[in-house]
Amino acid sequence: MFSEEKVAQMAAYLLLKRGGRMAYLKLMKLLYLSNRRSILERGRMMGEDNLYSMPHGPVMSHTLDLIRQRNRAGGKYWFSLLQTEGTDLVLRRDPRTVDVDDVLDTLSRSDLKILDGVYAEFGHMNRFDLRDMTHLEKYCPEWRNPGSSRMPIDCKDILIYEGKSEEDANNIIQNMRESEDLKEFNTHLI
């Protein structure tokens with residue numbers, strides 16, 4: 001189940017590291033790589049979203065809709081924290097005065113560790129170099145050229161391409177589905 005609040009906070013955290021503004025193409029790649037790393041290291045996505053291969057590389061679908069302001073079913077939390085200005089995503093708050101503990105309360109320490117690691121490894125790259133990098137088999141072998149369309153990315157492919165056995169990949173995917181079902185069940189109870 002997509003978590004708008006969690007993904008908005010992931011984006012806000014990365015924007016804080018960059019002074020409050022970043023090209024959304026670059027941000028999308030950093031978010032995707034963070035979710036990818038989370039799948040590999042923890043067997044779950046941080047900001048559960050649908051993953052797709054698109055012409056400019058792999059993306060998180062609902063997140064891209066929010067960035068492009070095309071989300072029809074939500075966005076209230078996202079837009080309270082972030083705004084799109086041309087090709088950039090910008091924090092709505094002054095980055096110098098943001099209380100990280102208050103604003104980023106859904107991110108765990110392990111989430112922050114992954115975001116920090118991805119930013120340390122790739123944050124220095126410009127948006128086009130980062131886009132091109134995500135087309136390389138070395139970094140994102142699950143990406144397939146969709147032409148002018150899009151194709152879903154299966155999390156199992158990410159696991160298999162990174163050396164997990166078929167059995168381990170199936171177990172991780174099963175655990176992800178069970179976790180998703182539990183979250184869905186809990187939201188209906190509230």
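Let me start with helix α1, which covers residues 4–17 and which holds Glu5; please keep in mind throughout that what we are looking at is a predicted model. Glu5 is partly exposed, its relative accessible area being 33%, and it takes part in a negative surface patch together with Asp99, Asp101, Asp102 and Asp105. The cut-off for patch membership is a relative accessible area over 30%, so Glu5, at 33%, passes it.

From that patch I would like to move to the salt bridges, of which the structure holds 10, and I will go through three of them.

The first one I have chosen is between Arg36 and Glu142, where the closest N and O atoms are 2.8 Å apart. Arg36 sits in helix α2, residues 24–42, whereas Glu142 sits in the loop between α7 (127–133) and β6 (151–152), so this pair ties together parts of the chain that are 106 residues apart in sequence. If you ask whether these two partners are buried or exposed, the answer is that Arg36 is buried and that Glu142 is buried as well.

The next one involves Arg37 and Glu121, whose side chains meet in a salt bridge with an N to O distance of 2.6 Å. Here too the pair links distant parts of the chain, since Arg37 belongs to helix α2 and Glu121 to helix α6, residues 109–122, with their positions 84 residues apart in sequence. Glu121 is partly exposed, and its relative accessible area is 37%.

Then there is the salt bridge between Asp111 and Arg42, for which the N to O distance is 2.7 Å. Asp111 lies in helix α6 and Arg42 in helix α2, and the two are 69 residues apart, so that once again distant parts of the chain are linked. How accessible are the two partners? Asp111 is buried, with a relative accessible area of 0%, while Arg42, at 23% relative accessibility, counts as partly exposed. Around this pair there is also a network, because salt bridges that share partners, as the term is used here, join Lys6, Arg42 and Asp111 into one.

Let me turn now to a contact of another kind, which concerns Asp88. This residue is found in strand β5, made up of residues 88–91, and at 17% relative accessibility it counts as buried, the limit for that word being under 20%. The side chain of Asp88 is joined to the side chain of Arg21 by a polar contact of 3.0 Å.

Next, a word about the backbone, and in particular about Gln69. Most residues other than glycine have a negative phi. Gln69, however, is not a glycine and still has a positive phi, of about 60°. Where along the chain does Gln69 have its place? It is in the loop between α3 (61–67) and α4 (76–81), and with a relative accessible area of 46% it is partly exposed.

Just after that loop comes helix α4 itself, and in helix α4 we find Ser80, which counts as partly exposed at 36% relative accessibility. How many ångströms separate the C-alpha atoms of Ser80 and Leu14? The separation is 16 Å, for two residues that are 66 residues apart along the chain.

To bring the main thread together, helix α2 is tied by Arg36 to the loop that carries Glu142, by Arg37 to Glu121 in helix α6, and by Arg42 to Asp111, which is also in helix α6.

How values were computed. Residues are numbered from 1 along each chain as its sequence is written. This is a predicted model: local features need pLDDT of at least 70, side-chain atom pairs count only at pLDDT 80 or more; totals for chains, interfaces and linings use all residues. Side-chain values use heavy atoms; hydrogens and water are left out. Patches are made of residues with over 30% relative accessible area and no salt bridge: like charges are joined within 9 Å, nonpolar side chains (Val, Leu, Ile, Met, Phe, Trp, Tyr) within 5 Å. Accessible areas come from the Shrake-Rupley method with a 1.4 Å probe; for residues, only the protein chains shown count as cover. A salt bridge is a side-chain nitrogen of Lys or Arg within 4 Å of a carboxyl oxygen of Asp or Glu. Lys and Arg count as positive and Asp and Glu as negative; His and the chain ends are not counted. The place of a charge is taken as NZ of Lys, CZ of Arg, CG of Asp or CD of Glu. Helices (H or I, at least four residues) and strands (E, at least two) are DSSP runs, numbered from the N terminus. Buried means under 20% relative accessible area, exposed over 50%, partly exposed in between (1.4 Å probe, protein chains only). A polar contact is a pair of N or O atoms within 3.5 Å; within protein, one must be able to donate a hydrogen and the other to accept it, and residues adjacent in sequence count only if both atoms are side-chain atoms.
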